[in-house]
Every structure is written in structure tokens, then in C-alpha cells.
Amino acid sequence: MAHTVKIPVPALNKEISVSTGLFINNEFVPSVDSSEVIQCFNPATEEVIASVVAGSAKDIDVAVAAARTAFKTTWGKNVTGWERSRLMNKLADLIERDAQELAELETLNNGKPVAVARDFDIGDSIQCLRYYAGWADKITGQTIEVDNKSKMAFTRHEPIGVCGQIIPWNYPINMWSWKVAPALAVGCTIVMKPSEITPLTALKLSELVVEAGFPPGVINTVPSLGPVGGAALSAHPDVDKVAFTGSTITGRKIMEAAAKSNLKKVSLELGGKSPQLIFESADLKQAAAWSALGICYNTGQDCTAGSRIYVQDSVYDKFIDILVSTVKETVIGDGFDKSTGGGPLVSKAQFDRVWGYIDAGKAEGAKVVLGGERRNTKGYFVDPTIFTDVNSDMKIVKEEIFGPVLSIGRFKTEEEAVALANNTTYGLGAGLHSTDASQCMRVSGLLEAGTVWVNQYNVLSNNVPFGGKKQSGIGRELGSYALEEYTSIKAVHWNIGEKLQWPLSL
Amino acid sequence: MAQVFTYEFNTPVYKGKTSFNTGLYINGKFVEGSNKTTIDVINPANGKLITQIAEATPKDVDIAVDAAHKAFETTWGLNVGGAERSRLLTKLALLMEEHQKELAAIEALDNGKTFNWAMDLDTTFAIDTIRYYAGWADKIHGQVQETDEKKLSYTRHEPIGVVGQIIPWNFPLLMMSWKIGPALATGNCIVMKPSEFTPLSAIRMCELIDRAGFPPGTVNLVTGYGNTVGSAISSHMKIDKVAFTGSTLVGRKIMEAAAKSNLKDITLELGGKSPNIIYNDADLDQAVEWAAHGIYWNHGQACSAGSRIFVQSGIYDQFLEKFTEKSRSLKVGDPFDVDSYQGPQVSKNQYDRIMDYIQSGKDEGATVHLGGDRNGTEGYYINPTIFTNTTPDMKIVQEEIFGPVGVVIKFEDEDDVIRQANDTVFGLAAAVFSQNITRALNTAHRLKAGTAWVNCVNQLHANVPFGGFKQSGIGRELGEYALHNYTAVKSVQVNLGHIM
């Protein structure tokens, strides 16, 4: 089954070739014990575009063994930071070379517009690899003064080892780069399980890994069903660390499996129900623009989607008007159509989920001020939907929808706003809009979120850390902080002069 | 009209042609000096003229400083993000790689080091240095300090502004990369004076800098003499910082000029008389190899040269015998010969200086154990030289010779040799050879030097800091530490609630 397929791209009258096997030891191979395949769909047309080999638990064993061998021989402490840097920069250059084709493949499988995939997703991914390539030869420990006459104490920042990485379907290439880059920079080897919904670009990137010159086994890619490959990685006795981005519910399973197996290190980037607060001093037009971005970008399929907005009473009506007319301009359509701002939802399952929430919102008595109507055409398209007159008990206010569905509430005082914002088990992102500097400082200090945006929303930089508080996650990605997730500290106490007398004289 | 320098290399190790614009490089253009005078560039292998280059004057320094300030306010400085600075530095490294052989050949021609050394070390390390600092450019972090909830207190690590950089002739291209790497990574604009003895590789680099896409005025090159251009830079009222590598004598003048003008920030990498201590329990054969590298690398023209070799009495005779044999085996010859280890000294000036020191050694009663004479009749070649039977007060033991002249001193006692090693106004580097880790580390930790090598000498890496104690310098280059030389810390305290 492991062979190259040519996937037609009708909108562009071309074909993209992708290797469909499991990528282990720099080769695409069939499963060792299974003939299962995963079907990949085009969410704009609901059609199957390709089938790829589905990895089994045994295949995960093979991949982990390959990663372990590489870690002990050609990677880990056997490769210098400069060499890691060089290879990572080479990979970034190759992705840049192939950006257009990778973008088209991403659009085909995920649905997002081609220009967005190319300039944002892939553009950011290239920068992410280059950023971490720059860190690779700068991993420093400390020397620590204990006693100059008798001891030389220092720390080594060593690579953790073999890392299982499980990534989601909302930003396939971008999430791949966020995981791969810091791990490679510090010298870890990787078994990557891309989402079973969007495995194609991970496989295509694996071809570039070979071209860049990485030794076999450093990066392995095993498309697999979550309960199969994901579970196997989380429970694997020879995986030293698992990093996961996805739902909170799956995150719990991964952490449990890690605890029950070998206490492997865990970092989790989970869900969110991120609030934005619109205070009366805010520039309402700008706040509306950022709010629109917050819920419509990537068609709301974003862990930090600004899915709850609370508006101060005094500006409520005015803001709703501006927001509705702003969001109305959003064009949801086929990713190959140049006028499209956002694509379809990624799959039937997501489509049904989101509609379930929209129906629940109506049933629980929230008021629809925009959208909420099915298209009844082919493709998993959902138009932006805004609910008002919500209360904190409603499902659409409490639970993560992961679609372009926004709930808007109101508040009188700053205290009330903060309370409403923090009334969630999640803590990934939050935004506040105000021109009162003291208020900005107070409120940003009080919001329980890993990222707080002041007068903007959902803008990230590769060098600024990102992650969740509360049940939104454990650990941080991006910035120098991500390096810590893949580094294991060893303290060395080197005796250079102490002579011991046993028993001790007390 | 600025000139074009063309040279055809037809040698056993390199065949190729170089052709590039020369002149001062100011605001993205190659121009003549305002006096329209020139400097002769001499080939030290034969004493003959290679070419003439434009001479800069203090007036040209003014023009360059103005161009640098303009760029800093508009197209560089804080107007450009770290990711873009990183991209440009990476591009420069790529261009250097593409032209590596050409750069190495120019360096060998102008400086006299062998083409092979220029390839394997100078140009390779220079490229690595630029790449290393490209990686830092988007990682310049300040801090947030906790004061109270009504205040936001943080630091910004801002570029200093326009920096003057004065580099030496011993590793021209490498020294240029050590200076421009961290300065550009942190967002500064540069007015650089290369050595008047070895300007060619720096001039060649300017075109690569231009092609890489650095905005005009970010890097400016003013080729001129120390007492005119160097002095103008150190005392310039609109240069915010000067970084200098060279002799301690000149370093003092620069610091004085900085103090007398605008109290500009200074970093200095100066001379050394670095000790190399070899204990009885050293791996003898390895110690011999490293000791030779320590003093003869770059024809002894290295600030960190292990020029005082202390050998413990138990192995002294064996060491001296093997070390002499090793020194004798080093081939002195044309920089472009296949098997040359050592080329000529860089200039007649330096040649005369070194020969004077050798003479003083003889006059003061030391024994010339090996060499002590010229090699050949053309060019500034000096044979590897070993002095023995010295006393601590001799000039050849106290002063920096900067040539292939090593002093081998017998010692007995560990404490005494450490005292002797530290008995110098210098403190750049030191080396210890011993198989006993306790002895080695204890000695290394007691030596008053900015770099202590254990069982190696003269090893440098882009990410490991380098600089001097005492009169060997102020500040550190390389590693993360170099970034501090080019950033100014601003504390911002934002009151968000305290009522006065």
C-alpha cells in the first residue's frame, strides 16, 4: 500500500504527488501487521482525495525503536548544535521553496484558503523553524558556585530523548513546525502522529526531511487513529515525553496513559473558551474588527477562538451593530476561490458537532442575530453565527464549539466583566479592549489565561510563549520557553578536592 | 572615481580571479577619500605592492557617521525587527560561503597566512560567527521585574546607536565578523576601520553586505591610519561606542580619547603574554603538539598566543627535545604552497619588531635554542624560534612579541609556577596540561586569565565568550556575552495606579 499517489487539484488543473506509507527511518513503508487505511477528504466537496496507510500499535513500536537508535547514534548528544542548526535551516529553505504546493495540499485536505495557508500557516512555520535553528547552538547550562576549593558544580541541559508528538487538524503544517522545531533544536528525536483527518502535508514534509539531510530515525511520521497510534505513543515504555495539541478530553487520556506507563513528561495544549471584554472606552470599530477575527479566523477552528464576548452596558447596542455588520462581510467558501476569507469546517463530524451547538443555542433560548441557517449545499460550510441574550449556564457559553459561533453577553462593572471572563475551566486566551491604561493593566493581571491580548486578538509571534492555564494545558510552546519542554536538566557535582572520612565525625 | 581591484590567482592551492570595487564604503557606495590620497597595500610574501586603496580622513569619518545615524533613525535601529536582521545576517553568511575560496585567497595574499589556514579556520569561523549571531537577532530579551500590581516595570535592550569598530590585521576577516555579527544582530549601525595593513577582505565584504540587502549606512568602512581615522573614531562626539582589538598601547589611547570626548562606551581586546603550564603528568606528546599550536599558530600573531611555556622539571628535557623537533618540522613557505604551515609576518614593521625582540633576547643572555633568524631572502619570513635559559625580567619574557618566538621555562613547584604565570600585566588566556583533573582545574581556576584552556590551547568557538582580565581588555566577545557590548538597557516604569 505504501506508494506515491497523485492527488488531482481540479481548481488548478494539476496533480500533487504524496507518499502514502509510514515514514520511518527516512523511508516510506507499509504497516508491519495491518492493512487498514485512512481516507482523507476534501471538506469543500466531501469527496475522498487519497488513502494513506494507517499505523498500528506495532508500527509505533518500530518508529519508536528507530527514533531511539537515532538518538543513541546520530542525534542526541552525538550531533552538535551547529549541525542541528544547519539542517533545520535547510529544511526551512526547502519548505519555502515548495510553499505554494504545500499550501495547495493543505487547502485540499483542511479547507482553508490557499493564500492563508501559504502566507500565514506556512510563512509562520518557516519562521518558526528558523527561529529554533537559531537556538540550537545556544543551549547553555549554568556553573554554580558551591565551594571554589573543592567543587565544580554545573548543569547540563540535555535533550529529553524520544518524543511522541500528536498534532491536530486545524493548522496541520503550523502545528507540525511548533512541535518539531524546539524538539530538534535541543537534540530530541521524534515520532509524530499527525491528525488522521489531515495527514497529507505531514507526509509531504517528511519528503523534505530526507532532502534536507536529517539522519534516518530523527523524525518519523506515523499517521494513525488517535485511539490506536496516539494511545500507543502515550503509553509507550520507551517514549520519554509526549506533546499533544487537541481537545481537553483527549489530553486527559494522554496524561493518564503517561502516568500509568513510565511517567513520561507531558505537555498539553488543549481547548479554550476564550473571552474578550469590550470596555466603554474602547475604540469600538477596532474592537469589532478584532472580535470578528477572533471568531471567524480559520472558521473558528482555533483553540484560542474568541468565542465569548462581553460588552459593557453603555456601549452594548452600538457595539453589536458594528460587530454584526463587520462579521457579515466574512466570506466562507472553497479554499481555492480567491474571494474566500474562510473555508469549510474540516469534516462531517465537526460539521455535525457545530450544528448540534447552534441548535442547542436556539433550544436554550439564546437569540440569533446573525447566521444560524444551514446552506444545504455540498461541503461542510457554516456561516458565522452570533448569539446574544445568553447566560452562563447555556451549553454554547460553557463548552468549546470549535466553529464560527459567537456568544455575546453584557456587564456593568469591571469586576463583573472579569468574573464572567474567568468563569470557565479553560484558560487559554483572553482579550480586552480599553483605552484606559490602568484598566488594561489591572484587567490583564486578573484574567486567568496563558495569553492576554490588549487591544488586539489572536496574533502570535514565534518568539513569544503560548500555552494554557487551568484545563487549557500544561507547559508552553514558542519562545525560549518551548526549549524547556524538551530539555532535561542534569546537575553535575565534580569533586576537585574534598577527601571523605567515613564514618563522618559529627 | 573609486577603483576596481583585479587579481588573478594561479597557485598550487587556488586558481581563480577576483575583481571588486575598492574605495571607502559609505552609505552603500564606494567612494574616494576626501583628500584623494591612497594607501599602499603590500604583499608580505615578497614586499611588493599589491594595489593602492583610498585613504579616509577624519572628514570621511564625519560623513560616515552621519550616514550611519541617518540609517539608524530610519532604516535600521528599532525600525527593523529581529527576524529581518536575522534574515539579512543569514543571507550574508550564505554569500560568504559562496565566495569562501575567493575570500580566503584575498586574505592569504594580503595578510600572508597560508591559503589552507585561511580556508579551514579564518573564513569558516567567520561564516559560523555570522550565522551564530543571525540566530540571536530575534532573541534580544529584556525582563519584567515584579514591583507591585500598580506598576509595570520592564527593561528594553535597545541598540546603542552608531558604533565605531577598529579591527586588527592578524585575522582581518574573522575579526570583522566578531565585530559586525553582534553589532548588527542587536540593531546598531557601524563605522569600521580595518587595519591599514590588511584592508582587502573587509573591502570585499562590503559588496557582499550590500548584496545581502543591508540598508545603505548600516555598515560603513573607512580605510585609514590609526592616528587619523582611528583617532577620529575614538574621539567622535556622535559615535556612541567604540570597540577595538589591537595592542594594549593603542587601547589606552582609545580609552583616553573616549573619556575626553563624549564618555562613549568602550570594549577592548588587547594584548597577551599567555602562559602555557605543562605538568609532569601531562600527556607529553599531546602537550608538544598543543604547545606548538599555541605559539606558532598564525605565525605567533595571535593575542592569545601561548608564548610563555612553563614545563615542569620532570619532563623538561624530553619536552624540549620533542618540541624542538616539532618546531623544526613546521614548513615556512609561500602562503599558496600546498604544504606551507607558516607564511611571512604581516609587514616590515612587524618583522623588524620581532627581530628586535630576538636580538634583545640574545643581548640579555637568553639561549637561542632554535631559529632566531630570517627565513629566505624575500618577504618577511621568520623561522620558528625557541628561547631557553631566560629570567623573568627579560623583555622577551615580559613583553608581547607577536611572532613565532616561544620562551620555554623550567619550573618545579605548582604554587610558584602559578605565581609566575600570573606575574604579568596581561590576562588574556592561559593553558594547563595535566592528566590529573584536580590539579588541572585548580590551576585553571587560579590563573588570572579570561580564557583558561585545559589540555588544549587556542581553541575558540562562536558561542564561547573570549576576552581579557587586567590589561588584556575590557568586555567579552563571542557567545551571548557579546550582545551586552551592543545593547543599552532602558528601564521603563509605567505607573498604572499610584497617586502622588
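Why does the largest cavity lie between domain 1 and domain 2 of chain B? In this predicted model, domain 1 (4-270 + 473-489) and domain 2 (275-461) of chain B both contribute residues to the lining of that cavity, so it lies between them.

The two domains of chain B that frame this cavity come from the domain assignment. Their centres, taken over C-alpha atoms, are separated by 30 Å. Contact between them involves 33 residues of domain 1 and 32 residues of domain 2. About 2600 Å² of area is buried between these two domains of chain B, and carbon and sulfur atoms give 65% of this area.

The cavity itself may now be considered. Across the whole structure, a search finds eleven cavities of 30 Å³ or more, and the largest has a volume of about 100 Å³. Its lining consists of 14 residues, and those nearest its centre are B:Phe171, B:Met175, B:Trp178, B:Cys303 and B:Phe466. Helix H5 (residues 172-185) of chain B supplies three residues, the largest share of the lining. Sorted by class, the lining of the largest cavity comprises nine nonpolar, three polar and two charged residues.

In chain A, attention turns to helix H7 (residues 226-235), where A:Gly229, A:Gly230, A:Ala232, A:Leu233 and A:Ser234 are buried. These buried residues of H7(A) pack against two further helices of chain A, H1 (57-73) and H8 (248-260), and against strands S9 (162-166) and S10 (189-193) of that chain. As general background, an α-helix has 3.6 residues a turn, so residues three or four places apart point the same way.

Terms used:
Residues numbered from 1 in each chain as written. Chains lettered and ligands numbered in written order. Predicted model: local features only at pLDDT ≥ 70, side-chain atom pairs only at ≥ 80, totals over all residues. Heavy atoms only, no water. Buried < 20%, exposed > 50% of the residue type's maximum accessible area, 1.4 Å probe, protein only. Helix = DSSP H or I, 4+ residues; strand = E, 2+ residues; numbered from the N terminus. Contact = heavy atoms within 4.5 Å. 1 Å grid on protein atoms, 1.4 Å probe; cavity = no way out; pocket = protein on both sides within 12 Å on 5 of 7 lines; lining within 4 Å. Points joined across faces, edges and corners; volume = space filled by probe spheres on them. Nonpolar A, V, L, I, M, F, W, Y, C, P; charged D, E, K, R; others polar. Domains from an automatic or database assignment. Buried area = accessible area lost by both parts, 1.4 Å probe.
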